[in-house]
Amino acid sequence: MTEFRDKVVYQIYPKSFKDSNKDGFGDLQGVIEKLDYLQELGIDYIWITPVFPSPQKDNGYDVADYCAIDPRFGTMADMEELIRESGRRGIGLMLDMVFNHTSTAHEWFQRAMAGEKEYQDYYIFKEGAPDRAPTNWQSKFGGSAWEYVPQLGKWYLHLFDVTQADLNWENTRVREALKKVILFWKKKGIRGFRFDVVNLISKPEIYEDDHEGDGRRFYSDGPHIHEYLKELTRDTGIEELVTVGEMSSTRLEACARYSNPQERELSMCFHFHHLKVDYKDGDKWALMEPDRRALKKLFEQWQTGMQSQGGWSALFWCNHDQPRIVSRFGDEGRYWKASAKMLAASIHLMRGTPYIYQGEELGMTNAHYSRVEQYRDVESLNYYMILLGQGKTKEEALAILAARSRDNSRTPMQWSAAAYGGFSEKEPWIAVQDSYQKINAAAQRYDDSSIFSFYKKLIALRREKAVISQGSIAFLAPDNADVLAYRRQWEGEELVVLNNLTAEETTVTAEPAWTAYRKILGNYENTAAGAEGQERAAGQADEVTGSRPDRMGERMAEGRIVLRPYETVVLEK
Ligand code: GLC
């Protein structure tokens, strides 16, 4: 099995990463151009989201051909060059396998529509009257999860967009065809795979109405999911690679099993419970301030649960489906730098493999779009109409999109202060975030106190200290909801990580032994910052390097440590 615990993965959303051919649309040559930047950051793997031929209704997650490259992104030769050039820099490439569904433009679906029974069995078609869908299940992008096809007199299931038809994994032919896809890419030198919403592939035997929800309880972590994953892994040999499954509305026990090495399914799982603590009543489209107590509790529950059950988590705040974390749980203003760094440290030092989403290492913020015309995402556009239908005003609906839209993370990567953030010379497919003149890679790359440099240090630290990748985790400060604190231990090594999640000072109880611990990382300067000094000091470089005095002892008066706004402190025994 490949070692993945001491690695860091960088996620690229190629459409918004770098445009090399001046069409306003990012491409594979653009990624190649930026490999030196990624090598400097120090990452081990790139996970690139789908670049396969696709109508782009869901930005490539509607795949029309799994074994080719969409000309918008380049050619197969570009992909081969990317694999080679990444490899030369010690970086492995991971591809995104969207195996729960295909685009309705895929040949299989087209043949199904043309009446070929064999291909209808590739999907989930159900007989039924045109005015009554087989079940009341809802699509994750809004509306019914079923679409009626008049010429066939049948409905097909689509848990996502109407152009994303769910595959029938019960059909051996489907499973065999998908294994071939993996083997095709493996042969090209792909070093890992991310499996899109893979815990939704096993549907229930009986299709029935859900009177308690939208249907997800019937197909999330479905009846044959473990069998299917074991079979896929066994028959493709992907155990030698890094694999991560995106798990939608999953359970801890299921995730532990997917990622327990003894089960031989996947290397690790993405699970999302910590990113729902600002959903009011679990509804993504109902705004609420983040519930920090819940956040802390969820981290503790999942981290210790995965540990005791032998599972492994992907650690992440951001991806192409989530708003930017600094805008969400941090502070875009006064504590922009400090909060971005604290949020980074808080998850990179947990038990799991960290993922960085493009621009996160620069502290990129939400899009702050003010007009619906600026949005591109199918989910956002659907929900805009749904929200208006629910009686929300345009302003209210726009305020919700501004907080929740997936487009928040899909704005072009901010490379420099040049036009369009240096992403392209032509107007990009989606508007650049206004802050690009301040927040960009050129401004941060050689600044030792930048967010970029802080991520670099975190990545380097994982290499240096085995306790980060191998150690056990236990949570501290149970009574202070504002502080996310934990201890990592491994063969006599120990780290204590304290994170103030808020813009207010807060105190944590210190263990007497900590006075002798060495502070190895922080996000404030080592000087005691007064109120005015804080703004300047927030987020300044603070790594204790030999000569500078370690002031932790002084700060630990009466068995307590005062943490500054969004402060992160990493202590080593
Ligand atoms: C995953 C992807 C998301 C996509 C969905 C359907 O959640 O991350 O972008 O829309 O699956 O494929």
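## Exercises on a predicted model

An oxygen atom of the ligand sits 2.5 Å from an N or O atom in the side chain of D321. That pair is a polar contact, meaning N or O atoms within 3.5 Å; within protein, one must be able to donate a hydrogen and the other to accept it, and residues adjacent in sequence count only if both atoms are side-chain atoms. The model is predicted, so to speak on paper: local features need pLDDT of at least 70 and side-chain atom pairs pLDDT 80 or more, while totals for chains, interfaces and linings use all residues. Numbering starts from 1 along each chain as its sequence is written, and side-chain values use heavy atoms, with hydrogens and water left out.

### Exercise 1: the ligand

Work out which residues come nearest to the ligand, and how well the protein covers it.

*Solution.*
- Start with the neighbours: 14 residues surround the ligand, and D58, H101, D196, H320 and D321 come nearest. Near here means a heavy atom within 4 Å.
- Next, look for polar contacts. A ligand oxygen is 2.9 Å from a side-chain N or O atom of H101, and for D196 the distance from a ligand oxygen is 2.8 Å.
- Then check the cover: on its own the ligand has 300 Å² of accessible area, and the protein covers 96% of that. Areas come from the Shrake-Rupley method with a 1.4 Å probe; for residues, only the protein chains shown count as cover.

### Exercise 2: the open sheet

Find the strand order of the eight-stranded sheet and pick out its edges.

*Solution.*
- The strands run 11-10-9-3-2-1-15-14, paired in parallel, and the sheet is open. Strands (E, at least two residues) and helices (H or I, at least four) are DSSP runs numbered from the N terminus. Strands pair if DSSP finds at least two bridges between them.
- Strand 11 (268-270) and strand 14 (314-315) each have a single partner strand, so one side of each has no neighbour in the sheet.
- Zoom in on one pair: strand 2 (residues 45-48) and strand 3 are parallel and joined by four bridges, with W47 opposite M94 of strand 3.

### Exercise 3: helix 6

Does the length of helix 6 agree or disagree with its residue count, and what covers its buried residues?

*Solution.*
- Helix 6 (residues 172-187) has 16 residues, so at 1.5 Å a residue it should span 22 Å; the end C-alpha atoms are 23 Å apart, which agrees. The expected span is 1.5 Å times one less than the number of residues.
- The buried residues are V174, R175, A177, L178, K179, V181, I182 and W185. Buried means under 20% relative accessible area, exposed over 50%, and partly exposed in between (1.4 Å probe, protein chains only).
- Among the elements covering them are helix 3 (76-88), strand 3 (92-97), helix 4 (107-113), strand 9 (192-195) and helix 8 (225-236). Contact means heavy atoms within 4.5 Å.
- Now the ends: a side-chain oxygen of N171 lies 2.9 Å from the backbone nitrogen of R173, capping the N-terminal end. Just after the helix, G189 has a positive phi of about 100°.

### Exercise 4: an arginine in helix 14

Is R404 buried or exposed, and what does its side chain reach?

*Solution.*
- R404 belongs to helix 14 (residues 394-404).
- With a relative accessible area of 5%, R404 is buried.
- Its side chain reaches the backbone oxygen of K284 at 2.8 Å.
- Leaving out residues up to four places away in sequence, R404 touches D278, Y279, D283, K284, W285, A286, L287, M288 and P323.

### Exercise 5: two strands side by side

Describe how strands 19 and 21 pair, and which way their side chains point.

*Solution.*
- Strand 19 and strand 21 (residues 560-563) are antiparallel, with four bridges; V562 is the bridge partner of T507.
- In strand 19 (residues 506-509), T506 and V508 face one way and are buried, whereas T507 and T509 face the other way and are not.
- Strand 21 alternates too: I561 and L563 are buried on one face, while R560 and V562 point to the other and are not.

### Exercise 6: odd phi angles

Where do N59 and D281 lie, and are they buried or exposed?

*Solution.*
- Most residues other than glycine have a negative phi.
- N59, though not a glycine, has a positive phi of about 50°. It lies in the loop between strand 2 and helix 3 and, at 10% relative accessibility, counts as buried.
- D281 also has a positive phi of about 50° without being a glycine. D281 sits in the loop between strand 12 (279-280) and strand 13 (283-287) and is exposed at 77% relative accessibility.
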